[in-house]
Each structure stands twice: as structure tokens, then as C-alpha cells.
Amino acid sequence: MVDKKKMMESLSKNLPAEKKPQQVVLNKDIKDDYDYSRDKYKGILDRGEEALDGMMQLASESEHPRAYEVLSGMLKNMADVTDKLMDLQKKKKELTKEEEKQIPPGLTQNNVFVGSTTDLQRMLLDNNKSEVIDVNTDK
Amino acid sequence: MSIQTNDSYLGNPNVKRDGVEHRFTAEEFEEYNRCMVDPKYFARKYLKVIHLDKGLVDFDLYPYQEKMFDHFNDNRFSIVLACRQSGKSISSVAYLLWYALFKPYKQLQSWRTRVQQLGRCWVGLP
């Protein structure tokens, strides 16, 4: 007799019990906006870094308190933009979740019959029984 | 058809619990109806048998096994004259399994070894 473990392994190979997770395709607009804002934030950060170097040089050369004030404000702005870049990821995740919610897993749209197998069997048997045969009584 | 854990019978994901609601698509509906009407198709497509050399294989019926199925279907009693090791037991088990699955309110009686074979075939069903 073939041992049970071997048989169950073959069965699981032939009859996969696990469903593959449904791949969520993001809305095109959402993806475009995400890419655009990400590029913009990165551009701002790059440009800001260059400006920051210049401001630091200016502040150290002039030793003017106003220049240092502007520099500190700029540093704060740069830190905010970096934070926003991270927030963008969070927002994208939220949007992905919403998309997932819109497509419940395993839901089929074109249902012909909803019920248990017993109900289906009963219905099919009834259908087969209720075939009406017309009898010609004239003869 | 995969089954969620709370819908499976005794934790076996291959066997569905009684009364579980399912949304049948047109294809599934057609397939179920076809299996219900034709035991030969059901056996060929869904049953697996253990081959001594190849292991678990599809149950491909021989013509005489098909004839047996037809005879079982059309007659109340059947007497089979066949040589040993010709697959008559597994054929009758396959037919009994089909009968148990698709004929409601029926009781089956068989020898213990046949019931064990039947159980093995049943576990392998999708």
C-alpha cells in the first residue's frame, strides 16, 4: 500500500489547494501622479541641496544673522520635503488597499447558480424530471 | 476548487463541508451537470488511481470498463465475468463513488477493502 504521505504529496501537486494572490493593478492616473510627484520631490531636494551649499557659503562669509535665519528656514523646508517623499509611499499604499477592497478575492461576476452543491444537484434533478412529454391522444 | 479552512471538511482543503455555498460559474455548472449525467466522463476526468509503476495516474477507462459502467447504469443487477487483475474492482469503486456523489438519498453497501479504495479516490477529488 502506498503510504499516505506520498499520496498526499502527489495530490497537492496535482490539486493545488492554495489560490494565487490576485495581482492588483493600480489605476493609471494614480500611478502617473505618483511617479510625477516623486520626481518633483526628488528634483526639489536636488536643487535645494545646491541652494543650501550656496546659502551656507554666503552665511559663513557674511556672518550676517539674517543669512543664518534664511539658512535655517531652508534646512527646515528641505527636511519637510524629505518627510513628504516618505508620506507619498504611505499614500500609495493606502490607494493600493482601496483598489484591493474594490476587487474582493475569489469573487466571480458571471454566476449562474449560487448555493451549495446539494442545492445544485436538487435543481438539476428537478430539471431533468420536469421534462414534459406531449402525448398525442388523437390516434 | 480550493476551499477556505472554515469551509473544509475536518481541515482537509480538498474536501468541502456540507452545505457550503458556492458561486457556480457557467463552466462549473456545465461541468457538474456533465459529471452528473456521465459517470465515464467523471471517472476519466477527475478520478486518480494508483498505478504500480507510475504512482498516481488518471483513471483512463478500458472499453470493457466503459461497458461495465453502462451495464451498471441500465440494470439493477450485474454479473461480471472477467479475469483477475483486470481492474473490475476499481471500476466498480469508481462507479460507486460517482453514484454516492450524484445520487441523493441512496445507501451504499460494500466490502471494507472497497470502501477504503473508495475513500482514497474520494480524497483525490478536486
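Accessible areas here come from the Shrake-Rupley method with a 1.4 Å probe, and for residues only the protein chains shown count as cover. By that reckoning, chain B exposes about 8600 Å², with carbon and sulfur atoms supplying 51% of it. For chain A the accessible surface comes to about 11700 Å², and 53% of that belongs to carbon and sulfur atoms.

Before going further, some ground rules. This is a predicted model, where local features need pLDDT of at least 70 and side-chain atom pairs count only at pLDDT 80 or more, while totals for chains, interfaces and linings use all residues; side-chain values use heavy atoms, leaving out hydrogens and water. Residues are numbered from 1 along each chain as its sequence is written, and chains are lettered from A and ligands numbered from 1 in the order in which they are written.

How sure is the predictor? The model scores ipTM 0.76 and pTM 0.54. Residue by residue, the guide is pLDDT, the predictor's confidence in each residue, from 0 to 100. Chain A has a mean pLDDT of 79, with 72% of its residues reaching 70 or more. For chain B the mean is 85, and 93% of the residues reach 70 or more.

Let's start with chain A. Helices (H or I, at least four residues) and strands (E, at least two) are DSSP runs, numbered from the N terminus. Chain A has four helices and one strand, and from the N terminus on they run α-α-α-β-α. Confidence in this chain is lowest in helix H1 (residues 4–14) of chain A, at a mean of 70, and highest in H2(A), at 89.

That second helix is a good place to pause. The expected span of a helix is 1.5 Å times one less than its number of residues. Helix H2 (residues 28–62) of chain A has 35 residues, so it should span 51 Å, and its end C-alpha atoms are indeed 50 Å apart, which agrees. Several of its residues are buried, among them Ile30(A), Tyr34(A), Leu45(A) and Ala59(A). Here buried means under 20% relative accessible area, exposed means over 50%, and partly exposed lies in between (1.4 Å probe, protein chains only). Just after H2(A) comes Glu63(A), with a positive phi of about 55 degrees.

Next look at Leu75(A), in helix H3 (residues 65–102) of chain A. Leu75(A) is partly exposed, because its relative accessible area is 45%. Its C-alpha atom is 9.2 Å from that of Glu49(A), although the two are 26 residues apart along the chain. Taking chain A as a whole, buried residues make up 18% of its 139 residues. Contact means heavy atoms within 4.5 Å, and among chain A contacts between residues at least 6 apart in sequence, 69% join residues at least 24 apart.

Now over to chain B. Its secondary structure comes to five helices and five strands, running β-β-β-α-α-β-β-α-α-α from the N terminus on. Among these elements, helix H5 (residues 112–123) of chain B has the lowest mean pLDDT (74), and helix H3 (residues 63–74) of chain B has the highest (93). Buried residues make up 33% of the 126 residues in chain B. Among its contacts between residues at least 6 apart in sequence, 43% join residues at least 24 apart.

Near the start of the numbering you'll find a hairpin. Two strands pair if DSSP finds at least two bridges between them. Strand S1 (residues 8–9) and strand S2 (residues 12–16) of chain B pair in the antiparallel sense over two bridges, with Ser8(B) opposite Lys16(B) in S2(B). Two residues sit between the strands, and Leu10(B) in the turn has a positive phi of about 50 degrees. At 75% relative accessibility, Leu10(B) counts as exposed.

Tyr105(B) also has a positive phi, about 55 degrees, although it is not a glycine. You'll find Tyr105(B) in the loop between helix H4 (88–102) and H5 of chain B. Tyr105(B) counts as exposed because its relative accessibility is 73%.

Finally, the cysteines. A disulfide is a covalent bond between the sulfur atoms of two cysteines. The cut-off used here is a pair of cysteine sulfur atoms within 2.5 Å, and the structure holds zero disulfides over all chains. Cys35(B) is buried, because its relative accessible area is 4%, whereas Cys83(B), at 55%, is exposed.
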